[in-house]
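Let us walk through this model one element at a time, beginning with a pair of strands and ending with a pair of helices. The structure is shown below.

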Amino acid sequence: MADILSDEEIEAQLPAEWAQDGDEIVRTYEFDDYLRGVNFAQMVGEIAESQFHHPEIVIRYSEVEIRLTSHEEGGITDDDIEMAELIESERNA
């Protein structure tokens, strides 16, 4: 079991552009068109499956919102921060 991070730990570890929203961390990515967003969401899904850590993904016309939390722990853990970092590294690759 992973420990829930304090607000201070979350703030110190969050990748740029991510924000805390209650017991979740969230980021919205913007795209030029719908299919680019869908392709990005698929890539996030593949990362999530390999990490066995599944975010909430909301696809809109020109943006994709990603929300991460550790439901079984009841809050934000290192697993969520790591998943956000993996998404960022793939997005910027």
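In this predicted model, a convenient place to begin is the pairing of Asp21 with Glu24, the latter being the bridge partner of Asp21 in strand 2. The two strands concerned are strand 1, which covers residues 19–21, and strand 2; they run antiparallel and are joined by three bridges. Together strand 1 and strand 2 make a hairpin in which two residues lie between them, and in that turn Gly22 has a positive phi of about 65 degrees.

Strand 2 also has a partner in strand 4, residues 63–68, to which six bridges join it, again with the strands running antiparallel. Within this pairing, Arg27 stands opposite Ile66 of strand 4. How many of the seven residues of strand 2 are buried? Five of them are, where buried means a relative accessible area under 20%, and strand 2, spanning residues 24–30, is therefore largely enclosed by the rest of the structure.

Positive phi values also occur outside the hairpin turn, in residues other than glycine. Glu17, whose phi is near 80 degrees and which is not a glycine, belongs to the loop that lies between helix 1 (7–13) and strand 1. Because its relative accessibility is 61%, Glu17 counts as exposed, the threshold for that class being over 50%. Phe52 likewise has a positive phi, near 50 degrees, in a residue other than glycine, and Phe52 is placed in the loop between helix 2 and strand 3 (56–59). With a relative accessible area of 68%, Phe52 is exposed.

The loop that holds Phe52 follows on from helix 2 towards strand 3, which brings us to how helix 2 is placed against helix 3. The axes of helix 2, residues 34–51, and helix 3, residues 78–91, come within 10 Å and cross at roughly 135 degrees. Angles over 145 degrees would count as roughly antiparallel and those from 65 to 115 as roughly perpendicular, and helix 2 and helix 3 are therefore oblique to each other. The crossing in which helix 2 passes helix 3 is right-handed.

Which residues make up this contact? From helix 2 come Phe40, Met43, Val44, Ile47, Ala48 and Gln51, and these meet Glu82, Met83, Leu86, Ile87, Glu90 and Arg91 of helix 3. Sorted by character, the residues in the contact of helix 2 with helix 3 comprise eight nonpolar, one polar and three charged.

Methods: Residues are numbered from 1 along each chain as its sequence is written. This is a predicted model: local features need pLDDT of at least 70, side-chain atom pairs count only at pLDDT 80 or more; totals for chains, interfaces and linings use all residues. Side-chain values use heavy atoms; hydrogens and water are left out. Axes are lines fitted to C-alpha atoms, for helices over the stretch in contact, and angles run from 0 to 180 degrees between N-to-C directions. Helices (H or I, at least four residues) and strands (E, at least two) are DSSP runs, numbered from the N terminus. Angles under 35 degrees count as roughly parallel, over 145 as roughly antiparallel, 65 to 115 as roughly perpendicular and the rest as oblique. A crossing is left-handed if the near helix is turned anticlockwise from the far one by less than a right angle, and right-handed if clockwise. Contact means heavy atoms within 4.5 Å. Ala, Val, Leu, Ile, Met, Phe, Trp, Tyr, Cys and Pro count as nonpolar, Asp, Glu, Lys and Arg as charged, and the others, Gly among them, as polar. Buried means under 20% relative accessible area, exposed over 50%, partly exposed in between (1.4 Å probe, protein chains only). Two strands pair if DSSP finds at least two bridges between them.
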